[in-house]
Structure formats: C-alpha cells, structure tokens
Amino acid sequence: MISKVLIANRGEIALRVLRACKELGIATVAVHSTADADAMHVRLADESVCIGPPPSRESYLNIHQIVAACEITGADAVHPGYGFLSENAKFAEILDAHGITFIGPTAEHIRIMGDKITAKQTAQELGIPVVPGSDGEVKPENALEVARKIGFPVLIKATAGGGGRGMKVAKTEADLEEAVSTARSEALAAFGNDAVYMEKYLGKPRHIEIQVVGDGMGNAVHLGERDCSLQRRHQKVWEEANSPALNVEQRMKIGQVCADAMKKLKYRGAGTVEFLYENGEFYFIEMNTRLQVEHPITEAITGIDLVHEQIRVASGAGLSVTQEDIVFSGHAIECRINAEDPRTFVPSPGTITHFHAPGGLGVRVDSGAYQGYKIPPYYDSLIGKLIVHGRTRVECMMRLRRVLDEFVIDGIKTTLPLFQDLIGNQDIANGDYDIHWLENYLASTTDA
Ligand code: ADP
C-alpha cells in the first residue's frame with residue numbers, strides 16, 4: 001500500500017493530487033522551487049522540501065533532488081502530475097530502482113507512446129484507427145513518392161514531436177521539399193532529433209480524445225471522450241465532455257476500441273488516446289500516458305475521481321469500477337484560465353490583488369491562486385481551471401455564463417474575458433467548431 005506520496009509538480013495540479021491523497025488518508029510531501037515557497041500546495045501539504053532555484057531544470061525536472069526528497073521524507077510513491085517528469089521513462093525507472101512507486105504507467109509504455117512512429121504502429125496493431133501516412137520515418141529522398149501515395153495535402157511531423165513543433169503542411173508537390181527540410185531542422189532544434197514522418201493532412205477535423213484507465217493486469221475501462229477542438233497554437237483553451245459532435249453509439253464504440261486496446265497492452269494508470277475526427281471517422285494522433293489538464297470534465301460527468309484510480313492501480317489494488325458501473329451524466333465544460341492578456345496572449349505574471357472564485361451547484365475551481373499570491377514568471381501561465389457541470393449542454397452553458405460574471409481576479413490580466421466572448425457566440429452555442437475555429441475567430445475579431 002502507498003502511505004506517503006511526494007507530489008513532483010506545482011500549481012493547480014499539485015493541489016489537485018494533494019486533495020485526492022488527503023481523501024484517501026495518504027500523507028503528502030510537496031516539493032518546490034525557491035520561487036514557489038508561498039504556493040498553496042506547499043502550505044497544505046503535510047511536509048515540504050525545497051528542491052532548487054526557479055528554473056525548472058534545476059528544480060521540478062531535477063531527478064536527483066526529487067529522489068533525495070523522497071528518501072529524506074520517507075515518501076513511498078511519487079505522483080508526477082502532468083508536464084515536467086510525467087512522461088519521462090527514465091524517471092519511472094530510477095524510482096523503481098529505489099523501491100519508490102511511480103504513480104503512472106510502466107517505463108516501457110511511456111517509451112512506446114513517447115515516440116510518435118512507435119506509438120502509431122502500436123496503436124494500429126492494437127486495433128485503433130490511425131491517420132493514413134508513411135510507414136515510419138520519411139527521408140528527403142523518398143518524400144515525394146510517399147506523399148503521392150498518401151495524396152496531397154500532407155503533414156510532415158517530427159517523430160520526437162510535442163507542442164505542435166516540427167510540423168509543416170505541404171499543400172502541393174511544389175511545397176514538399178521545403179516543408180520536409182523546415183520540419184527536419186525545426187525538429188532537430190527542438191528535440192535534437194531530425195527524424196520526421198508523413199500523414200494525410202485533415203482539413204477541418206475536431207480534436208476528440210478518449211480517457212482510459214487500466215489496472216496493469218489486463219483490465220481497463222474508458223470514461224468517454226473530451227472535445228478539445230478549441231485551441232490556439234495547439235494549446236487547448238476550452239474543453240467539453242461529451243463532444244457536441246458524437247452520439248451515444250459513436251462514443252461507446254470508439255471508447256470500447258480504446259479500452260480493448262489498453263487491455264491487450266496491460267496498460268496501468270490513466271491515459272488519453274487522442275484522435276482527430278472528421279466525417280464520422282476517428283484518426284489516432286497520439287497517446288498521453290499521464291493525467292491531462294482537462295481531466296476534471298470527465299470526472300464531472302462520471303463522478304469518478306481519476307487521481308484516486310491512479311493511486312489505486314499504482315498500489316496494485318485494481319480499478320474501483322467496471323465498464324458497466326460507469327454512467328455518463330450531463331455535460332461539463334472547462335475553461336483554462338491563464339495569466340495572459342486575453343487579446344495578445346502575452347504572459348501577465350504579478351500579484352493577484354483581489355481573488356473571488358465563483359461557487360454554487362455544478363461549479364468547480366481548481367487553482368492554487370489566492371488573494372495576495374504572486375505569480376512567478378518562470379512557469380507556464382495556467383493559474384486555474386473553471387469546470388462547470390449541467391444536466392444538459394444548454395444548462396451547462398447558462399451556468400457558465402453566470403459563473404464567468406462572478407469570477408474576479410484583479411491585479412493581473414487573465415483569459416477570463418475571452419470566455420465571456422465565446423459564451424455569447426452562436427457557433428459555440430451550436431457546438432459547431434473544428435480545430436481551426438478559435439484561431440480564425442481571434443484573427444477576425446482582431447481585425448475588426
Ligand atoms: P504534438 O505532440 O506536437 O502536440 P500531435 O500529433 O498531437 O502533435 O498534433 C498536434 C495538433 O496538430 C493536433 O491537435 C492537430 O491540431 C494538428 N494535427 C496533427 N496531425 C494532423 C493531421 N494529420 N492533419 C491535420 N492536423 C493535424
């Protein structure tokens with residue numbers, strides 16, 4: 001059994017994990033950089049350890065310091081949250097070697113899914129539908145032949161990709177050479193690996209992802225989908241569950257495909273299988289072997305605490321639910337609140353002079369922010385997540401409108417006004433949007 005968890009993260013997700021541990025009667029250790037000494041997760045944890053100076057690579061990414069913090073405090077497990085070391089196979093192995101439980105999948109599964117070509121091949125072997133594309137890596141010499149076979153437009157993607165970097169579209173044969181060479185040099189610069197592969201470029205897809213949890217012993221369930229099509233620069237901004245584009249049969253069908261694949265893989269922990277969805281077809285793009293930022297909307301419609309499940313399966317206790325137990329109820333929307341200018345998206349760190357979180361039925365705010373909190377400039381700008389649940393999508397939207405009016409964060413700029421704009425938009429009201437919608441909308445409102 002797990003008795004003390006070290007939370008190797010910061011911000012809202014550190015707090016989220018801490019809450020789950022407290023509910024399960026598990027002691028908590030917060031680690032923090034010198035810039036985060038006043039953070040809420042540090043204040044609420046049973047113990048805390050300073051692991052280094054502000055830059056992430058010297059603190060939240062410093063494996064030696066984190067292992068040392070486990071040894072000093074006697075933590076027998078580590079929850080990595082998302083980002084930082086959450087998808088670092090070597091970290092999982094090192095913890096294992098020290099007899100510390102990594103609350104996540106095996107190092108092998110992290111590795112398979114961390115390499116895009118291997119991930120895609122594995123997905124295909126497991127019966128998951130994938131985007132038509134090259135068999136593995138594409139070299140400049142054979143790019144044209146491969147592209148002709150797939151059919152233009154094509155997308156060149158970095159094998160080691162992440163965050164949308166190293167990705168280039170070639171609309172026609174004339175664009176191909178340049179797209180391949182730019183993608184390769186971007187990939188080399190960003191990931192130290194210039195390997196690229198090729199996929200059919202989908203014009204107007206939605207981003208739909210399936211939440212799965214496996215027990216590592218061959219049992220796995222799915223918790224339905226999330227629609228994360230509203231993105232800016234490949235960063236998700238607004239997510240909803242269920243997707244306005246799917247009906248029950250489609251949901252249960254693709255969900256079952258993913259759950260069956262996880263059973264075959266003997267996957268352990270929470271994971272997300274990401275798809276592009278166009279004209280009724282799903283196309284696998286990647287799998288994230290960790291908890292996602294947007295997991296609370298799944299929790300809202302299923303009532304299942306995903307961090308509880310992660311801790312259970314990591315300790316070998318198995319899942320608390322079977323597929324038949326999982327009932328989808330109502331609709332949930334998450335708005336990511338970033339400390340950014342809502343027009344330019346330039347980060348806006350600083351001191352929060354006034355903070356009032358909304359409340360009432362169906363409202364959840366996951367945030368480490370509070371009045372007087374000074375947002376450090378060193379980390380990503382997500383300062384909180386607003387999650388609203390209603391019995392129907394219409395009720396959820398009505399509630400969101402009310403809740404956005406109630407939320408006050410003063411002293412810094414935030415993306416709250418963007419959501420106030422979106423809530424009044426007809427396409428959003430209709431659920432009628434694809435992955436390009438938000439950028440087009442932002443471009444059109446800037447020109448006006
Ligand atoms: P990353 O790991 O860099 O985020 P992904 O494979 O998850 O890369 O893709 C990121 C985003 O790029 C997707 O959410 C989608 O917007 C776009 N994208 C990826 N593959 C395709 C494709 N084949 N056609 C069209 N857009 C794509």
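Start by selecting Glu 294 in this predicted model: with a relative accessibility of 1%, Glu 294 counts as buried, because the cut-off for that label is under 20%. Now add Lys 236, which also counts as buried, at 14% relative accessibility. Glu 294 and Lys 236 form a salt bridge, and their closest N and O atoms are 2.9 Å apart. Colour by secondary structure and you will find Glu 294 in the loop between strand S13 (281–288) and helix H10 (295–302), with Lys 236 in strand S11 (residues 235–241), so this pair ties together parts that lie 58 residues apart in sequence.

Next, widen the selection. Which residues share a salt-bridge network with Glu 294 and Lys 236? Add Glu 209, Arg 226, Glu 239, Glu 274, Glu 334 and Arg 336 to see the linked set.

For some context, select residues 120–315, which an unreviewed UniProt entry annotates as "domain: ATP-grasp". That stretch is 35% helix and 35% strand, and its end C-alpha atoms are 29 Å apart.

Now jump to Lys 385 and Glu 12, a salt bridge whose closest N and O atoms are 3.0 Å apart. This pair links distant parts of the chain: Lys 385 sits in strand S19 (residues 382–390) and Glu 12 in helix H1 (residues 11–23), 373 residues apart. Buried or exposed, these two? Both Lys 385 and Glu 12 are buried.

For a last stop, pick helix H12 (residues 393–406), where Glu 395 and Arg 399 lie four residues apart, about one turn of the helix. Their side chains meet in a salt bridge at 3.9 Å, N to O, and both residues are buried. If you would like to keep exploring, the structure holds 34 salt bridges.

Conventions. Residues numbered from 1 in each chain as written. Predicted model: local features only at pLDDT ≥ 70, side-chain atom pairs only at ≥ 80, totals over all residues. Heavy atoms only, no water. UniProt positions renumbered as here; feature names shortened; annotations may be inferred. Helix = DSSP H or I, 4+ residues; strand = E, 2+ residues; numbered from the N terminus. Salt bridge = Lys/Arg side-chain N within 4 Å of Asp/Glu carboxyl O. Buried < 20%, exposed > 50% of the residue type's maximum accessible area, 1.4 Å probe, protein only.
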